[in-house]
Amino acid sequence: MGSLGTVLKHPDDIYPLFKLKMAARNVGKQIPPEPHWGFCYKMLHKVSRSFSLVIQQLGPELRNAVCIFYLVLRALDTVEDDTSIASDIKVPILKNFHQHIYDGDWHFSCGTKDYKVLMDQFHLVSTAFLELGRSYQEAIEDITKRMGAGMAKFICKEVETVDDYDEYCHYVAGLVGLGLSKLFYASKLEDLAPDSLSNSMGLFLQKTNIIRDYLEDINEIPKSRMFWPRQIWSKYVNKLEDLKYDENSIKAVECLNDMITNALLHVEDCLKYMSALRDPAVFRFCAIPQIMAIGTIALCYNNIEVFKGVVKMRRGLTAKVIDRTKSMSDVYGAFFDFSCLLKMKVEKNDPNATKTLSRIEAIQKTCRNSGLLNKRSSYMVESKPSYNSVAIIAVFILLSIFLAFLSTKQPIHSD
Ligand code: D9A
C-alpha cells in the first residue's frame, strides 16, 4: 500500500509523524560547532536515524558518551562485517580495537558508504573520545575490548547450538547493554544494573534483528553470514537457505515461530531492567527500542513475508511509540498489547504452540501484576475514524502544503 493509503487507514498516525518530523528537523539544526563533535553527531544521525533522536534527548554529558560509544561500536561492526578483509588481518584489528580509540593517528579503511566515511575519519571519533570523562572512557574501552575478542572468536566459528547463539549475541549486543548500564552509572543518573539484566536488554533487541533480517543476511553478497542456530533450524530443514523456498513455507514459518519463542525468554528481564530506571530521558532511551522490538516480533510471528522481503513496523507506528513512551505504564501497556496480538496469531497445530503460549502468558501476567495497565492509550484498538474520508483527505492536503512550504524555506539561513 502506498503512503497515502497507509495514512488514510491510520489517520491518528499523522500527528505523531508530524511531531517526529519537527523533532528531526530541530536535531539537524543543533549540530555542535567543534568539527570533531559536529562530525560525530552528523554521523550518528546518518547511521541511526530515529534512534539518534532519542539519544539527543539525553543530558549533554551522557549524550556525548553514548554518541561516541555508538560510533565506536559501529566502527567495530564495520570491520567485522567487511567480508573482503582476510581473517588474519581482521582478527588482530578486532582484538586491538580498544587501543586504537586512544590513538588519533590510527586508521583502517574498510566498509562502504557512510561506514567508509566513519572509518576514514575515525580520528575525529578518537578526538571526541579523549574529551570524555575518565569513567566514560573506561566503560567504552572495557566493552570494546571484550566485544572485539568475542567477534574475533566467531570469525571462524559457526553458530551451531542455542548456547553459541546466546554467546554470539552476548558479544555483539549483550555487552552493549552492559556498557550502557556503566555509562548511566558513571553519569550518576542511575544505579548500576545487574549484568544479567543488561545482557538481556541487548539479547532481545539482537535476536529480533536476526529474526527480521533473515532474507537480507542470507542474500548477502559475496558470502551470506548466518546467525540462526543450527540446533533450531535443523529441526525443520536440511540447509538454512531452504527456508526461503516456497515449497518449504510451512516448515519455514514453524522455524520462525521457534526462533521467536526463544527470543521471548528475555522479555521479563527487560521489563525488570526498565522498571528500575529513574531518569526520564534514560528511561525513554531504553524503552523505545524495546517496544519496537516486541512490536516487530508480533508482526513477524507466523508471517511468511519474513522469508520474502522486509517486515517492518510502519513508520507511523514507530512515530507513535516515540511520542507515547513516557513511563513504565506505557511500557507494560505496549508489551501487553503486542503480546495479545502475538497470542491471537498462535495456531494450535504449531509444534511449539504450548511453549509459545506459556511464555506469552508469563509476560502478560508480569504486565497485569504491575498494576499499571489501563492508564494508557492502546496501540491495538485502532481508533475508528469517526470523521469521513473527505475531511481526512482535506487535512492531509493542507498538511502536505504546509510541509512543502516549510521545506522550501529550509535552505535560507536566517542567522
Ligand atoms: C543500542 Cl549505544 C544499540 N542497538 C540497537 C539500539 O538500541 C540499543 C547499539 C548501540 C547502542 C545502543 C540500546 C538502547 C538502549 C538501551 C540499551 C541498548 O541497553 C541497555 O542496547 C542493548 O538496536 C544495537 C544492538 C541491538 C546490537 C545492541 C536501537 C536501534 N534501533 C535502530 C532500529 C533498527 O531497526 O535497527 O539502533 C534505529 O533506530 O536505527
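## Helices and the loop before α4

A helix, in the naming used here, is a DSSP run of H or I that holds at least four residues, and helices are numbered from the N terminus. With that in hand, Arg-49 can be placed in the loop between α3 (35-48) and α4. The structure is a predicted model, and each value in this report was computed from it.

Arg-49 has a phi near 45 degrees, which is a positive value in a residue other than glycine. Most residues other than glycine have a negative phi. Arg-49 is also exposed, because its relative accessible area is 60% and the term applies to values over 50%.

## The ligand and its surroundings

Which residues come nearest to the ligand? There are 20 residues around the ligand, and those that come nearest are Ser-48, Phe-51, Leu-180, Gln-206 and Arg-212. By class, the shell holds 14 nonpolar residues, five polar residues and one charged residue.

Oxygen atoms of the ligand have N or O atoms of the protein beside them in several places. At Ser-48 the partner is a backbone N or O atom, which lies 2.9 Å from an oxygen atom of the ligand, whereas at Ser-50 the partner is a polar side-chain atom, at 3.4 Å from an oxygen atom of the ligand. The side chain of Arg-212 takes part as well, with an N or O atom that is 3.1 Å from a ligand oxygen atom. On its own the ligand has 790 Å² of accessible area, and the protein covers 82% of that area. Two or more residues of the shell come from each of the elements α4 (50-56), α5 (60-81), α10 (162-186), α11 (195-212) and α16 (280-300).

## Thr-208 in helix α11

Helix α11, one of the elements that give two or more residues to the ligand shell, is also where Thr-208 is found. Is Thr-208 buried or exposed? Its relative accessible area is 4%, and Thr-208 is therefore buried, since that term covers values under 20%. Along the chain Thr-208 and Met-259 are 51 residues apart, while their C-alpha atoms are separated by 9.1 Å.

## Helices α6 and α7, and the loop before α6

Ile-85 is found in the loop between α5 and α6, and at 11% relative accessibility this residue counts as buried. Between Ile-85 and Pro-351 there are 41 Å in space, taken from C-alpha to C-alpha, and the two residues are 266 apart in sequence.

His-100 belongs to helix α6 (residues 87-100), and with a relative accessible area of 15% His-100 is buried. The side chain of His-100 makes a polar contact, at 3.4 Å, with the side chain of Trp-106. In helix α7 (residues 113-120) lies Val-117, which counts as partly exposed because its relative accessibility is 39%, a value between the limits of 20% and 50%. The C-alpha atom of Val-117 is separated by 8.6 Å from that of Met-43, a residue that is 74 residues apart from Val-117 along the chain.

## Asn-302 and the loop after α16

Asn-302 is found in the loop between α16 and α17 (315-324). Like Arg-49, which has a phi near 45 degrees, Asn-302 is a residue other than glycine with a positive phi, here near 60 degrees. Asn-302 counts as partly exposed, at 24% relative accessibility, whereas Arg-49 is exposed.

## The cavity

How many cavities of 30 Å³ or more does a search of the whole structure find? The search finds one, and the largest cavity has a volume of about 40 Å³. The residues that line the largest cavity are Leu-243, Lys-244, Tyr-245, Asp-246, Ser-249, Ile-304, Phe-307 and Lys-308. When this lining is sorted by class, four of its residues are nonpolar, one is polar and three are charged.

Definitions and conventions. Residues are numbered from 1 along each chain as its sequence is written. This is a predicted model: local features need pLDDT of at least 70, side-chain atom pairs count only at pLDDT 80 or more; totals for chains, interfaces and linings use all residues. Side-chain values use heavy atoms; hydrogens and water are left out. A residue is near a molecule or strand if one of its heavy atoms lies within 4 Å of it. A polar contact is a pair of N or O atoms within 3.5 Å; within protein, one must be able to donate a hydrogen and the other to accept it, and residues adjacent in sequence count only if both atoms are side-chain atoms. Accessible areas come from the Shrake-Rupley method with a 1.4 Å probe; for residues, only the protein chains shown count as cover. Ala, Val, Leu, Ile, Met, Phe, Trp, Tyr, Cys and Pro count as nonpolar, Asp, Glu, Lys and Arg as charged, and the others, Gly among them, as polar. On a 1 Å grid over the protein atoms alone, a cavity is a set of points where a 1.4 Å probe fits but cannot get out, and a pocket is an open set with protein on both sides within 12 Å along at least five of seven lines; lining residues have an atom within 4 Å of a point. Grid points are joined across faces, edges and corners, and a volume is the space filled by probe spheres set on the points. Buried means under 20% relative accessible area, exposed over 50%, partly exposed in between (1.4 Å probe, protein chains only).
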